[in-house]
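Morning, everyone. I have one structure to go through today, and I will keep it short. Please have a look at it first.

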Amino acid sequence: MTALLQVAPLALKFAGDVGRLAVWLVLLVAIFVPLERLFALHPEKIWRKQVGVDLAWYFINSLLPAALIALPIAVLARLLNGLDPFGIYSAIAAWPLGLKMIAAFFVNDVGTYWGHRATHRFPFLWRFHAVHHSAEHLDWLVNTRAHPFDMVFTRLSGLAPVYLLGLAQVTGNRIDPTVATVTVIGTIWSFFIHANVRIRLGPLEWLISTPLFHHWHHTNDENRDRNFAAIFPIIDWIFGTSWLPKHWPPLYGIDSEIAPTLTGQFLNPLKPSAKLVAPQAGEMDTELKISQ
Ligand SMILES: [Zn+2]
Ligand SMILES: [Zn+2]
């Protein structure tokens, strides 16, 4: 009976979270399904292959990574507690909220860029990230097709520098409002840049990521391993990985086979037959040899 009383609030919270995600899903469907009908880049059915698997990933990846990153963020906060190196934290705390928010978006994206680039560079990380790149057709829901470990790694890469620079604080169990804003807007934008839409933003495409920018990240031709930033293409431009021609990629996906089922994708990184060589590893080694 006591055990039941302890489990009941957790079960209620879980049911509440699933309900909240279901409402978000209805909103996302209401936005993206008509958008993809009106501005379709490629002809695609709504009820296409693997839609059930991607919907399952939607719920799993909206719940599990957030729970898993709470602990490392709490440890980081504990380590930083009471520190104010060179008065940086107190100076940043005095910034106007708008400036702090813009800085948090940018710092988060720089961290995400390097975390994401690492997943293409190191074979161990690529085993997990390959699940996201296995999609051979892109649409808004493909955004959720990712291994939870990959989500945790990339999200931590983005958020750790935000906390390290004092742009966000851990206060009890409450999520920092700056982190909440960066995460919610970043997630909605991420659905948009995967969408099967031919929407272009003209000169703004150099300021903010677009479907064209991220679709090229998913290409499976000789231009793969570019456009790692989630929101600001200038980060790729600064680090020499930008690729933004006027036309769309000819094909998406990867060379290796990834199971089309939820358990197959979850267990794929553990398979000895999974592709061991990350796509960028060879290229970067070649660059190093040239520069030596
Ligand atoms: Zn990638
Ligand atoms: Zn993607």
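I will start with confidence, then take one loop residue and the helix that follows it.

This is a predicted model. The average pLDDT for the protein is 89, and 91% of the residues score at least 70. The part to leave alone is residues 284-292, where pLDDT stays under 50. For that stretch the model has one contact beyond four places in sequence.

Now the loop. Ala-168 sits between helix 6, residues 148-164, and helix 7, residues 177-194. Is Ala-168 buried or exposed? It counts as buried, because it has 24 C-beta neighbours inside 10 Å, and the cut-off for buried is 20 or more. Setting aside neighbours within four places in sequence, its contacts are Ala-104, Val-162, Tyr-163, Asp-176, Thr-178 and Val-179. Met-101 is 67 residues away along the chain, yet its C-alpha atom is 9.5 Å from that of Ala-168.

Two of those contacts, Thr-178 and Val-179, take us into helix 7. The buried residues there are Thr-178, Val-179, Val-182, Ile-193 and His-194. They cover an arc of only 100° around the axis, so they lie on the same side of helix 7. On the other side, Ala-180 and Val-184 are exposed. What covers the buried residues? The cover includes helix 4, residues 97-121, along with helix 6 and helix 8, the last being residues 211-217.

One check on geometry. Helix 7 has 18 residues, which at 1.5 Å a residue should span 26 Å, and its end C-alpha atoms are 26 Å apart, so the two agree.

That is what I have.

Conventions
Residues numbered from 1 in each chain as written. Chains lettered and ligands numbered in written order. Predicted model: local features only at pLDDT ≥ 70, side-chain atom pairs only at ≥ 80, totals over all residues. Helix = DSSP H or I, 4+ residues; strand = E, 2+ residues; numbered from the N terminus. Buried ≥ 20, exposed ≤ 12 C-beta atoms within 10 Å, placed from the backbone. Contact = placed C-beta atoms within 7 Å. pLDDT = per-residue confidence, 0-100. Expected span 1.5 Å × (residues − 1). Arc of directions from axis to C-beta.
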